[in-house]
Structures are given as C-alpha cells and as structure tokens.
Amino acid sequence: MATVASLRVCGAKGPGWLLRGPWAPPAAGFCSRVPAGAGQPEPEARPTSARQRDGIRNIVLSNPKKRNALSLAMLKALQSDILHNAESKDLRVIVISAEGPVFSSGHDLKELTDEQGHDYHVEVFQTCSEVMMQIQNHPVPVIAMVNGLATAAGCQLVASCDIAVASDKSSFATPGVNIGLFCSTPGVALGRTVPRKVALEMLFTGEPISAQEALSHGLLSKVVPEEQLEEETMRIAKKIASLSRPVVSLGKATFYKQLSQDLRTAYCLTSQTMVDNLALQDGQEGIKAFIQKRKPIWSH
C-alpha cells in the first residue's frame with residue numbers, strides 16, 4: 001500500500017506542507033489573511049474547499065470567477081487537500097468537483113508570462129505534475145465529478161483520476177496549441193487514458209470532444225444527465241467507502257503497477273498480490289463472511 005512518503009515526489013516539501021488548508025492553520029504566506037493596517041492588499045480566498053464524511057472526502061475547486069484555473073495556489077491547495085491524512089483508515093475515497101460552469105480551464109495563463117520568470121514556471125509545472133502523480137499513487141480511489149468544460153490541465157486532472165463521472169453537458173479539450181503552448185503535460189495523462197490517435201487529434205487541433213465522445217474513448221467512466229450527476233457519483237463513492245480500505249488500496253496500487261509490465265511479469269506480480277491479499281485480516285474476513293452467508297465486518 002502506498003505511504004505518504006511515497007506520495008512525496010519531485011522534491012515535495014516536508015511534513016508541515018501536508019497540513020495546509022482547512023485541516024490546519026495555513027502556512028505563513030499561503031492564502032493567509034494580512035493583518036489589518038499592514039498596508040498590503042488582502043489575498044484572495046482559498047481556491048479549494050474540502051469536507052469529509054463517512055469516509056468520503058469531497059474536494060471542490062472553488063474559484064469559478066477564474067474558471068477554476070489551476071493556478072499555483074489552486075494546485076497547492078488541491079495537493080494539500082488530497083494528501084491530508086492520506087493514511088487514515090477513516091478516508092476511503094476522494095471526490096473532486098468544481099463550482100460553476102467550468103470544471104477547470106487549465107493553468108492560469110497570467111502566471112505563464114515572461115514577468116513571472118523561469119523559476120516560477122518550473123514550480124508551476126512541477127507542482128502540477130506532482131498532483132497528477134499523487135492522485136494515481138494515492139492509497140484510496142479518486143473520482144472526478146465533472147459538470148462543464150475541462151480544458152488543458154483541467155482535462156489532465158480528469159484523465160488522472162481513477163474514475164470520472166460527467167454530466168452530458170460536459171466537454172473536454174487540450175487547446176494549448178491554439179495559443180502557442182502545446183499541451184505536453186496534459187498529453188501524458190490523456191495519452192495513457194484514450195487511444196493514441198484520439199489523444200493526438202485533440203492535442204494537434206485543440207478541438208473539444210463531447211462527454212459522449214469522451215466516454216466512448218475511455219476518458220470517462222460514465223455520462224449522466226446533469227440532474228443525476230451528484231447522485232450517481234456519490235453512489236459510486238459510497239459503494240467504495242463501504243469496502244475494505246486495505247483491500248481496495250492494495251488492488252489500486254497493483255493495478256497501476258502491472259500495467260507497465262509484460263504479460264508474464266504482470267501475472268507473477270498479481271498472483272503474489274492475491275496471496276498477500278489473502279494474508280490481510282479483511283481478506284480472510286470477507287471469505288469467511290461469504291461462506292457463513294453474512295455481511296463482512298471490515299477492520300480496515
């Protein structure tokens with residue numbers, strides 16, 4: 001099972017960095033309030049919100065005025081919300097959604113001008129890449145609930161999630177080529193989710209695809225009417241939350257690990273995982289419950 005240590009990739013910060021956001025007092029200089037009379041403008045509100053109940057952590061991109069752009073502040077807030085208490089047995093599944101008609105428009109282009117400079121640009125793309133990898137390496141499943149437009153890094157975020165449910169009004173695009181900035185990093189997640197020729201058409205033309213097209217190509221798990229989106233997403237989340245966390249976590253980690261292996265190696269790896277799964281307390285509990293015709297009592 002993945003550990004918090006394994007989630008710190010690409011030079012992530014120390015332990016205190018994991019505690020930013022609604023879970024603990026914000027770090028100095030990160031979306032914190034400036035004391036009255038300090039002579040500085042008050043910073044904008046935190047760009048995400050998060051709450052957790054019954055094992056389900058709901059993370060909401062909460063900056064609709066800026067089309068939920070994945071600014072550096074947004075990425076750091078999202079990262080904090082994803083990684084907080086990642087190893088807690090009380091956390092079973094994460095759902096990422098957004099306020100407003102745009103799920104996410106991708107990077108904030110105002111942060112990508114010459115004025116910000118090379119080092120800032122490096123930090124933006126490094127942080128974004130960290131977030132996408134941390135979703136896949138996270139010990140619990142991560143679900144994207146999409147109701148609207150998801151472009152560039154916003155499309156990348158959807159593609160990076162384990163499950164993606166969208167309304168029939170949603171659409172997806174990687175339009176960076178139209179403004180002279182090819183969506184190279186979104187192409188990593190997109191190219192691992194949809195067929196190569198579909199990904200390349202999206203990347204080369206920047207033209208959007210509909211939710212139904214995204215479903216047929218494998219970018220989405222399900223498409224539902226807008227009024228059923230939350231209900232269907234939460235149905236999936238509640239089902240996952242009702243299951244054994246260590247079993248699901250082991251299964252998720254193994255699934256991604258075997259994908260890059262040849263057939264023989266993949267079967268060797270997963271065969272050993274099945275044996276390891278049987279050694280888990282919940283592995284034996286589930287089998288005994290099935291034989292005894294009762295509901296399992298998971299220890300997590």
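**Exercises: a surface patch, two cores and two helices**

Val177, Phe182, Leu200 and Phe204 make a nonpolar surface patch of about 340 Å² (residues with over 30% relative accessible area and no salt bridge, nonpolar side chains joined within 5 Å; areas by Shrake-Rupley with a 1.4 Å probe; a salt bridge puts a Lys or Arg side-chain nitrogen within 4 Å of an Asp or Glu carboxyl oxygen). This is a predicted model, where local features need pLDDT of at least 70 and side-chain atom pairs count only at pLDDT 80 or more. Residues are numbered from 1 along each chain, and side-chain values use heavy atoms, without hydrogens or water.

**Exercise 1.** Place Leu200 and classify its exposure.

*Solution.* Start with the helix: Leu200 sits in helix 6, residues 196-205 (a DSSP run of H or I, at least four residues). Its relative accessibility is 32%, so Leu200 is partly exposed (between buried, under 20%, and exposed, over 50%).

**Exercise 2.** Find the best-connected members of the largest nonpolar core.

*Solution.* That core has 46 residues, and Ile82, Ile96, Phe172 and Leu220 touch the most other members (a core is buried nonpolar residues joined through side-chain atoms within 4.5 Å). Next, look for a separate core: a second one, of 13 residues, includes Ile56, Val95, Val165 and Val224.

**Exercise 3.** Work out how helices 4 and 5 are covered.

*Solution.* Take helix 4 (residues 153-160) to begin with: eight of its eight residues are buried. In helix 5 (residues 184-191), Pro186, Gly187, Ala189 and Leu190 are buried. These cover an arc of only 165° around the axis, so they lie on the same side of helix 5 (arc of the directions from axis to C-beta atoms). Finally, the buried residues of helix 5 pack against helix 4 and helix 6 (contact: heavy atoms within 4.5 Å).

Technical notes
Patch = residues over 30% accessible without salt bridge, like charges linked within 9 Å, V, L, I, M, F, W, Y side chains within 5 Å. Helix = DSSP H or I, 4+ residues; strand = E, 2+ residues; numbered from the N terminus. Buried < 20%, exposed > 50% of the residue type's maximum accessible area, 1.4 Å probe, protein only.
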